[in-house]
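This explanation leads the reader through one protein chain, from a single helix and its surroundings to a sheet and the helices beside it. The sequence and the structure are shown first.

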Amino acid sequence: MVHTISNVDPDKYSYIKLLQDVGELSLSHVSAVIGFAINLHCDIPGSNDRMTVSSDLDVLKMFEIHNNEAFVPSVGENLRKSTCNTAANPSVNVEVHGGDDFSDFDSNDDDEYSPSSDDSSTDEGKGEGEGKSTSRVFEYNLYREEYHARKGDKIVLKSGQLFENVDKFREVLRDYTIQEGCSIIRKKNEKARVTAHCVDSSCIWRIHASPLPDGVTYMIKTYTGEHTCVRLQSNSNANSSWIAKKLGETIKTNPDIKVDAMQTYFQKTYGIQASRMQLYRAKRRALDEIEGKHRSSYTMLPMYASEIRRTNPGSLVKIECQRPSLLMNPLFKRTFIAFEALFKGFKAGCRPFIGIDGCDLKGPYGGVLLAAMSLDGNNGLFLIAMGVVESENRDSWGFFLQNLNTVIGAHSSEVPWTFMSDQQKGFDRVIAETFPEATHRRCCRHLCANIRTTTSIGCSLHGSQATRSQCFTKELDLPASGA
């Protein structure tokens, strides 16, 4: 099968472009997990010599040798025996070699490893040089299955074991040291090699691993797995980050898991005694990974506001920030959110009644959640607007009510609004300034709670519904008149 690379300008054709074109034609059906190196050569007409093509200058020479004719690589159906030669036009031979050419470090441990006969891909019954073509394009080793530690299984290391990359190898090595109750010193801990030995000088345990020719897959080259030291009860590798990773799925399904249960699990599973502070930090880390961090969520507020305006046209979103200095980034102060469907639904189908209250937010940054509610025709709660402010004060209530006035107006088409709230300081004045025609009423539950805390008189909510003075006196335990 012959492929033609057209539209080639010999004066502008670069080495990188040549490498990309040949790779697309010759390597399109090769598995991405195979590691190989590519060398480009140009046959010199009239001789058996070949010129190595490794730069833009070599590409220009290649076209000069062949009188600036476009080259036509020929790729055979059998990939392992394919060539890139043609009779009349310039040709490019692609050679792919296995081996340790990619290893850029010098280590005697790498020389100690000899793959077993099962790992070799030699042909039996053939001598050296037999059955091998000098023009063979691809020569590579297919790697064995990589090691993946299953949850609950004991980790067993051995020479020749493969890992996805250096990070995966380090992760398994860390789990192994915690499992065995030992501490190690990493003499070399680089991307090119990892060499470690036991912290006890009398212990013979040692391991060395380095990448294979693909530069990514890691393999244990040398391993002495016998520990002659004493097992440790505590391990510095079992920190809060490691615990959070191991408990991630458990905390995801059970976010309210207790620290005592976590401590029992690690004692039974890994034989380590983690402190309560470690477990608390680990749980916090795991929840941050699952739910996201509070700090990063504040930076997403402008995007959230834009998304509300895009998906709910007519909605009102206000974000107020404070910036003490031009050298500081803006800091979140308060926000107001009102969806168009909610405040239009309130004006069209709810009673002219608005209940307003706030509740403290539990979290690292605190704040107060404000909400404006109403009642629909079935006496069900109907949300009108909500907001988050720094605290309940005159300034924050003014911010909330002014924006509420923007979306619902100063009064309904028939009667003024009726507001109900607790006895928040300054709220009466803000209501009078923002909704001058509105009526303001107190919540009976808050009035009852205030009477109980400020006086010795008993109080019942049934007293607020009394229609006769005798019933009211009885409910509030007041002395009867004339007694």
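In this predicted model, a convenient place to begin is helix H4, whose buried residues are covered by elements that include strand S4 (162-163), strand S5 (184-189), strand S6 (194-198), strand S7 (206-211), strand S8 (218-224) and helix H5 (240-246). Helix H4 itself spans residues 166-180. Its 15 residues reach 21 Å from the first C-alpha to the last, close to the 21 Å expected at 1.5 Å a residue.

Which residues of H4 are buried? They are Val 166, Phe 169, Val 172, Leu 173, Asp 175, Tyr 176, Thr 177, Ile 178 and Gln 179. In reading such a list, it helps to recall that an α-helix has 3.6 residues a turn, so residues three or four places apart point the same way.

Both ends of the helix have a feature to inspect. At the start of H4, a side-chain oxygen of Asn 165 comes within 3.2 Å of the backbone nitrogen of Asp 167. Just after H4, Gly 181 adopts a positive phi of about 70 degrees.

The view may now widen to the whole chain. Its secondary structure amounts to 15 helices and 15 strands. Of the 483 residues in the chain, 34% are buried. The accessible surface comes to about 29400 Å², and carbon and sulfur atoms contribute 50% of it. Among the contacts with a separation of 6 or more, 53% link residues that are 24 or more positions apart.

Further along the chain lies an open sheet of seven strands. What is the order of its strands? The order is S9-S10-S13-S12-S11-S14-S15, and the pairing is mixed. Strand S9 (316-322) and strand S15 (439-442) are the edge strands, each pairing on one side only. From one strand to the next, the twist averages 20 degrees.

The mixed pairing of the sheet can be followed at strand S11. With S12, S11 pairs in the antiparallel sense over six bridges, and the bridge partner of Ile 356 in S12 is Ala 372. With S14, by contrast, S11 pairs in the parallel sense over three bridges; here Ile 354 stands opposite Phe 419 in S14. Strand S14 (residues 418-421) is in turn joined to S15 by four bridges, and these two strands run parallel. Thr 418 stands opposite Thr 439 in S15. As a general point, the side chains in a regular strand alternate between the two faces of the sheet.

Helices accompany this sheet. Helix H12 (residues 394-408) packs on the sheet and touches S9, S10, strand S11 (353-360), strand S12 (368-375), strand S13 (381-389) and S14. The direction of H12 makes about 30 degrees with that of S10. Helix H10 (residues 301-311) lies across S9 and strand S10 (331-338), and runs at about 165 degrees to S9.

A last stop is Thr 434, in helix H13 (residues 427-434). Is Thr 434 buried or exposed? Its relative accessible area is 11%, so Thr 434 counts as buried, the cut-off being under 20%. Leaving aside residues up to four places away in sequence, Thr 434 touches Leu 401, Gln 402 and Asn 405. Within its own helix, a polar atom of the Thr 434 side chain lies 2.9 Å from the backbone oxygen of Val 430.

Key
Residues are numbered from 1 along each chain as its sequence is written. This is a predicted model: local features need pLDDT of at least 70, side-chain atom pairs count only at pLDDT 80 or more; totals for chains, interfaces and linings use all residues. Side-chain values use heavy atoms; hydrogens and water are left out. Two strands pair if DSSP finds at least two bridges between them. Axes are lines fitted to C-alpha atoms, for helices over the stretch in contact, and angles run from 0 to 180 degrees between N-to-C directions. Contact means heavy atoms within 4.5 Å. Buried means under 20% relative accessible area, exposed over 50%, partly exposed in between (1.4 Å probe, protein chains only). Accessible areas come from the Shrake-Rupley method with a 1.4 Å probe; for residues, only the protein chains shown count as cover. A polar contact is a pair of N or O atoms within 3.5 Å; within protein, one must be able to donate a hydrogen and the other to accept it, and residues adjacent in sequence count only if both atoms are side-chain atoms. The expected span of a helix is 1.5 Å times one less than its number of residues.
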